[in-house]
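This report introduces selected features of the structure shown below. Please keep the sequence and the model in view while reading.

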Amino acid sequence: MRLLNALTLIILLTYKAMCGHECVAIASDNRLGINQQQTTAIDFQKIFQIHPRLFLAMSGLASDMHTLKATFEFKHKLYELRENRVMEPKTFASVVSTTLYEKRFGPYYVEPVIAGLDKASKPYITGMDLIGAAAPTENFVVAGNNSESLFGVCESMYKENLEPEELFEVISQCLLSGSGRDCLSGWGGTVYVITKDGVEVKSVKGRMD
Amino acid sequence: MQDPDAFDLGGFEFSASSHNAKEGGFTSKLATKTGTTISGVIYADGVVLGADTRSTNGETVADKNCEKIHYIAPNIYCCGAGTAADTEAVTGTYYVYFSIFQLILILKGMVSSALFLHRKSTLRESRVVSAQSILKSHLFKYQGHVGAALVLGGFDIHGPQLFTVYPHGSSDCLPYATMGSGSLAAMSIFESDYKDGMSEDEAKLLVARSIRAGIFNDLGSGSNIDLCVLSRAGTKYLRNFEIPQERTYIRAEGYKFKTGTTVINKRNFQTATSTTTEPKKIL
Amino acid sequence: METYDAVGENNFNPSSYHGNHTKQHATWSPYDNNGGTVMAVAGEDYVICAADTRMSTGYSIMTRQYTKVDEMSPKTLMASAGFMADAATLKKLLKGRCDQYQFANNKPIGCVAFAQMLSNTLYMRRFFPYYAFNIVAGLDAEGKGAVFTYDAVGSYERTNYSCQGSGQQLIMPVLDNQLKTVSPLVLPAVSSATPLSEEEAIDLIKDCFATAGERDIYTGDAVELFVMNKDGIRKETMPLKTD
């Protein structure tokens, strides 16, 4: 692991409200490091928009992240041209999983996380390991360098039936607290809250060290 | 790296493996391995398969309620232990959804796809031995590197069948079987209480009890019990058949954050459009 | 790790076939990790020290009722995670020292003095350390809650809250989020004690252990809370998941 390394973290939460106003949030920190210790970028985006209601976030090796981002954008565009519709999150997760498993014995060094709303505006989130073992869940997924801390904060602070604004506060606090004890993450974060009306993006302030 | 002409790569891509090895090796260190309890038993009219639902990543639980009983064919299911990605890729998953005009079936996984095509060409029900032989020849070819340890069960024209398949490609045909890190705990239940010709309810309770032994005595296994009953009458997939324990405490105070707790630098709202992604930088 | 890994394809060692017995012991270690999580929170006039009661090795549970918190003196509690044989030996040694202190000074040892003694004891084994991760909790001379947190070789620090052991990474950020206060170094001095009341702190600790029990395989079975205030020491037990 002496290559360029993006040591990052991503967390996300879904929200299923009784009133049918459903949303997903996805967040990541902004740091990119090299050789573990040295900070090389403080505005490094790890969350990519595949289509208006579908996001792919990755942590791991920066070069593999970019290669995969290009691959998946290409695959999604072909699908859109052929089918004249965008991919369902579940279908996209399947594409990501098989693409990663193709390289079972020489894997891409990334941990992807997929979040989106499907055609019926139902939230879908899934995490994956580097060879594509998908684990779709109904509450939260974490990935990255400091996943244990993130598991801890999310497991404690996640609640069902949060309003989008509350969800934003919870996911941001999870992100900032979860990266507070990790010297390889930080420099603020980017949070996306996806509802059926659109996507709210916020850049949040965090420790700059 | 293997020479592509000398060896059938079976769908895998090896181009980065030598490069990765040179860089100090990322190999499959981060791959999720499921410390697992899976088991199966044959009863009078069929087979019962069982699994716990914990998936671990080292000493942390990566998923508290994952599915370890995989679809192979309508009459065949398979429990998987070992490397999560391998068990999923080797066996199968499927889901169905409605498009505007037609019903779309998404089928993933080696054996389930192979048997699906075989059924369409022969117009006959799949047999458990077909699944078993495809699995073991694949696993043998990869010398244990495809890390899937399986309990395969099904009901076909020969009646109920139960197999275990090991990662190196060997297999057993048994009346009761266990696999995974909790296999000894589960086997202790079978060895003391298995009998021939049990009823469906007896078999379900015995399998559930064997999984519970794994859940409570093996740290790699935990959470809930999934069962799958395969018989002449059809297949019953009993997801979360038993939830032995719930979280014991939830904070009375709760965690509440007032709006404005988090300091925001910049914000933007992108209104929903139906198709096509145009805006590249939304912040 | 799976069962088949235990007989692993990579462990094959041809030299052991030819009676080379020295090689066989190459993998033996004097240390084990028995897991477990310990935690302490200090308030203005109380301190709470808590630990789960599971002791395990590898993938198996050795016992579900092992107390990791000990009363070293009337004002001092000590909790250890890590290698329990080392932790037990260390506590036995320290208890002896506490008795000697009592005989020499005709009063029980205070928690601040005890904290320094533990640090010295750990550093004495700098090159063959006690593999134990300790927390000392107590009331100081002014009756304020105090928590001392250690590494394996005796580096220590007085804090308001701390967590050690297998669930440390899960719990610590939650405590940071809920309990972080002004730095004790700031001038003019502001109280840096935990803002929560005793009941609120107990509530938070129980929730943290429930969280760790969900996600950490080595934390579970039960949690014991030792609450120390001016009235003395009280013990509470709460069950956790046993899977």
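## Terms and basis

Two strands pair if DSSP finds at least two bridges between them. Helices (H or I, at least four residues) and strands (E, at least two) are DSSP runs, numbered from the N terminus.

This is a predicted model, in which local features need pLDDT of at least 70 and side-chain atom pairs count only at pLDDT 80 or more, while totals for chains, interfaces and linings use all residues. Residues are numbered from 1 along each chain as its sequence is written, and chains are lettered from A and ligands numbered from 1 in the order in which they are written.

## The sheet of chain B

In chain B, five strands in the order 13-2-3-14-15 make up an open sheet with antiparallel pairing. Strand 13 (176-179) and strand 15 of chain B each have a single partner strand and stand at the edges, so one side of each lacks a neighbour in the sheet. From one strand to the next, the twist averages 15° (angles run from 0 to 180 degrees between N-to-C directions, and axes are lines fitted to C-alpha atoms, for helices over the stretch in contact).

At one edge, strand 2 (residues 38-43) of chain B pairs with strand 13 of chain B in the antiparallel sense over four bridges. Here Y176(B) in strand 13 of chain B stands opposite V41(B). Elsewhere, strand 14 (residues 225-231) and strand 15 (residues 234-242) of chain B form an antiparallel pair over six bridges. A hairpin through two residues joins these strands of chain B, and L227(B) has L238(B) in strand 15 of chain B as its bridge partner.

## Helices against the sheet

Helix 5 (residues 183-193) of chain B lies across strand 2 and strand 13 of chain B, at about 160° to strand 13 of chain B. Contact means that the C-beta atoms of two residues, placed from the backbone, lie within 7 Å. Helix 6 (residues 200-217) of chain B packs on the sheet, and its direction makes about 25° with that of strand 3 (46-52) of chain B.

## Chain A against chain C

The contact takes 12 residues from chain A and 13 residues from chain C. Helix 5 of chain C gives the largest share of the side of chain C that touches chain A, eight residues.

The axes of helix 3 (residues 147-157) of chain A and helix 5 of chain C come within 7 Å and cross at roughly 60°. That angle makes the two helices oblique (angles under 35 degrees count as roughly parallel, over 145 as roughly antiparallel, 65 to 115 as roughly perpendicular and the rest as oblique). Residues of helix 3 of chain A that meet helix 5 of chain C include F151(A) and V153(A).
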